[in-house]
Amino acid sequence: MKKDHIVFWDIDGTLMHCGSDGKVALNATFADLYGITDAFSSAPIGSSTDAVLIGDLMRSFGISENDLEKIHEHYHKTLQKVLAGDRKKRILPGVLSLLDAIDARPSHKSALLTSNLKIGAYAKLESVGLHTYFKFGGFGDEPVEKWDVAEQCIQAAEQRYSTVFSRNQIFLIGDSDYDVVSAQKLGINSIAVATGWVSADRLLESRPDYFFEDLSETSKVLKILGI
Ligand SMILES: [Mg+2]
């Protein structure tokens, strides 16, 4: 059977919690390589891709674009270390059951949709054992908005599975109003979950199609996903 439903998952605050590990690793990278302290402390992490954040910072400190690969490598290693030492990181409620149920359905496919660099996204997922659920997705490696990344990802999935996904059979589960807005721009279903940094009130103001305090009511979520 062809895949005809895609479930996009945000990572931080949706699939898992790993506190400020991403920011800690980015700050450590710029401190180690350039002696810049607290570089990302006021950056809008979560509402802009990592590529935009890193690019803006490199420009503001006059760092050459040629250093990008070195920065990515250092960030990857540092993030893996920070995650390994984080005893509080965890998978959020309901997530494992939902991923297993989606995996078991030939018609459904989970995909990532995150502002994290791809290397950062997989480092986070691997640290809690979730990486095996995701074979493809959209990442924050390009300086574009999340909905643009998702659009490219949908097109790639259509090629991969030789099908055309109807927009009402695509879902985006996320913990921020940015996720809801991204889904609205794409004309796909938004499922907001208040397990991240954004308050339930602010999430509801963004008018998601569905809202949950957390994803522990898995049967309700699966019904929405058509499972
Ligand atoms: Mg998030």
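A nonpolar core is taken here as a set of buried Ala, Val, Leu, Ile, Met, Phe, Trp, Tyr and Cys residues joined through C-beta atoms within 7 Å. In this predicted model, the largest such core holds 54 residues, and Val7, Phe8, Leu113 and Phe171 are the ones that touch the most other members. Helix H6 supplies the largest share of this core, with five residues. Because domain 1 and domain 2 both give residues to the core, it lies between them. In general, nonpolar side chains of soluble globular proteins tend to be buried together.

The two domains themselves are worth a look next. Domain 1 is made of two segments, 5–18 and 90–224, while domain 2 covers 21–84. Their C-alpha centres are 24 Å apart, and the contact draws on 18 residues from domain 1 and 16 residues from domain 2. On the domain 1 side, helix H5 (residues 118–128) gives the most, with five residues. The residues on that side of domain 1 comprise eight nonpolar, six polar and four charged.

Turning to the sheet, six strands are arranged in the order E5-E4-E1-E6-E7-E8, forming an open sheet with parallel pairing. Strand E5 (137–138) and strand E8 (210–212) stand at the edges with a single partner strand each, so one side of each has no neighbour in the sheet. Further in, strand E6 (residues 170–174) pairs with strand E7 (residues 189–193) in the parallel sense over four bridges, and Ile173 is found opposite Ile191 of E7. Helix H6 (residues 146–160) packs on this sheet, where it touches strand E1 (5–9), strand E4 (108–113), E5 and E6, and its direction makes about 145° with that of E4.

Leu113, already met as a core residue, offers a helpful view of these surroundings. Leaving aside neighbours within four places in sequence, Leu113 is in contact with Phe8, Trp9, Asp10, Gly137, Gly138, Lys146, Val149, Ala150, Cys153 and Leu172.

Val149 also appears among the contacts of Phe139, a residue placed in the loop between E5 and H6. Phe139 has 22 C-beta neighbours inside 10 Å and therefore counts as buried, the cut-off being 20 or more. Not counting residues up to four places away in sequence, Phe139 touches Thr114, Asn116, Leu117, Lys118, Ala121 and Val149. A long step along the chain separates Phe139 from Ala51, 88 residues in sequence, yet their C-alpha atoms are 9.5 Å apart in space.

Key: Residues numbered from 1 in each chain as written. Predicted model: local features only at pLDDT ≥ 70, side-chain atom pairs only at ≥ 80, totals over all residues. Domains from an automatic or database assignment. Contact = placed C-beta atoms within 7 Å. Helix = DSSP H or I, 4+ residues; strand = E, 2+ residues; numbered from the N terminus. Nonpolar A, V, L, I, M, F, W, Y, C, P; charged D, E, K, R; others polar. Pairing = 2+ DSSP bridges. Axes fitted to C-alpha atoms, helices over the stretch in contact; angles between N-to-C directions. Buried ≥ 20, exposed ≤ 12 C-beta atoms within 10 Å, placed from the backbone.
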